[in-house]
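Me: I have a model open and would like to talk through how its helices pack. Could you take me through it, one question at a time?

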Amino acid sequence: MTEDPRSDARPAGDEEPETERELRELREDLDIPTRGASVYVFLAILAAAAAVWGIWPIVTGPLGMILGLIGHVKGHRRGFAAAIIAGVATVIGMAVTLLLFNPFSAG
């Protein structure tokens, strides 16, 4: 007879949450306020857009990453994606800035 793979030797308190309800209860137990998470994600995307357009990409890009991670911790499902987008936008924004305003170019 085969054993159930979920019945491995884990202590009862270390079970992983399997449903949204359990995740919500876990957040409530940890006292993580979920209000305003979408605002942080929206601001992260705005900061990423500013970084791509070359508006201080060295500042707005990491700011977008921080805001996206705050949104992720607060429970927004797109917070981590916003942080990654802001990181990529930082690199793109610095490349655009370097290409447009290169002090080493001839001319």
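**Helix packing around α3**

Reply: Happy to. A good place to begin is the contact in which Pro-57, Ile-58, Gly-61, Pro-62, Gly-64, Met-65, Gly-68, Leu-69, Gly-71 and His-72 of α3 meet Gly-79, Phe-80, Ala-82, Ala-83, Ala-86, Gly-87, Thr-90, Gly-93, Met-94 and Thr-97 of α4. Please keep in mind that this is a predicted model.

Me: Thanks! How many nonpolar, polar and charged residues does the contact of α3 with α4 have?

Reply: Glycine counts among the polar residues in this classification, which matters here with Gly-61, Gly-64 and Gly-87 among the residues that meet. Sorted by class, the α3 and α4 contact comes to 10 nonpolar, 10 polar and no charged residues.

Me: And how are α3 and α4 oriented, roughly parallel or roughly antiparallel?

Reply: Two packed helices are described by the angle between their axes and the distance between the axes. For α3 and helix α4 (residues 79-100), the axes come within 7 Å and cross at roughly 175 degrees. An angle over 145 degrees counts as roughly antiparallel, so α3 and α4 are roughly antiparallel.

Me: Let's step back for a moment. What pattern does the protein follow along the sequence?

Reply: The secondary structure comes to four helices and zero strands. Read along the sequence, that gives the pattern α-α-α-α.

Me: What about the other partner: how are α2 and α3 oriented, roughly parallel or roughly antiparallel?

Reply: Helix α2 (residues 37-52) packs with α3 at an angle of about 160 degrees, and their axes are 8 Å apart. With the cut-off for this class at over 145 degrees, α2 is therefore roughly antiparallel to α3.

Me: Which hand does the crossing of α2 and α3 have, and how many charged residues are in the contact?

Reply: The α2 and α3 crossing is left-handed. The contact involves Ala-37, Tyr-40, Val-41, Leu-43, Ala-44, Ala-47, Ala-50 and Ala-51 from α2, together with Pro-57, Thr-60, Gly-61, Gly-64, Leu-67, Gly-68, Ile-70 and Gly-71 from α3. By class there are 11 nonpolar and five polar residues, and the charged ones number none.

Me: Gly-68 caught my eye. Is Gly-68 buried or exposed?

Reply: Gly-68 lies in helix α3 (residues 57-73). Beyond its neighbours within four places in sequence, Gly-68 is in contact with Tyr-40, Ala-44, Gly-79, Phe-80, Ala-82 and Ala-83. Its relative accessible area is 0%, and buried means under 20%, so Gly-68 is buried.

Me: What distance separates the C-alpha atoms of Gly-68 and Ala-86?

Reply: Gly-68 and Ala-86 are 18 residues apart along the chain. Even so, both are listed in the contact of α3 with α4. The separation of their C-alpha atoms is 8.0 Å.

Me: Is Thr-60 buried or exposed?

Reply: Thr-60 is also found in helix α3. Not counting residues up to four places away in sequence, Thr-60 touches Ala-47, Ala-50, Ala-51 and Ile-55. Its relative accessibility is 12%, so Thr-60 counts as buried.

Me: One last residue. Is Trp-56 buried or exposed, and what is its phi?

Reply: Trp-56 is found in the loop between α2 and α3. With a relative accessible area of 64%, Trp-56 is exposed. Most residues other than glycine have a negative phi. Trp-56 is not a glycine, yet its phi is positive, at about 45 degrees.

Notes: Residues numbered from 1 in each chain as written. Predicted model: local features only at pLDDT ≥ 70, side-chain atom pairs only at ≥ 80, totals over all residues. Heavy atoms only, no water. Helix = DSSP H or I, 4+ residues; strand = E, 2+ residues; numbered from the N terminus. Buried < 20%, exposed > 50% of the residue type's maximum accessible area, 1.4 Å probe, protein only. Contact = heavy atoms within 4.5 Å. Axes fitted to C-alpha atoms, helices over the stretch in contact; angles between N-to-C directions. Parallel < 35°, antiparallel > 145°, perpendicular 65-115°, else oblique. Left-handed = near helix turned anticlockwise from the far one by under 90°.
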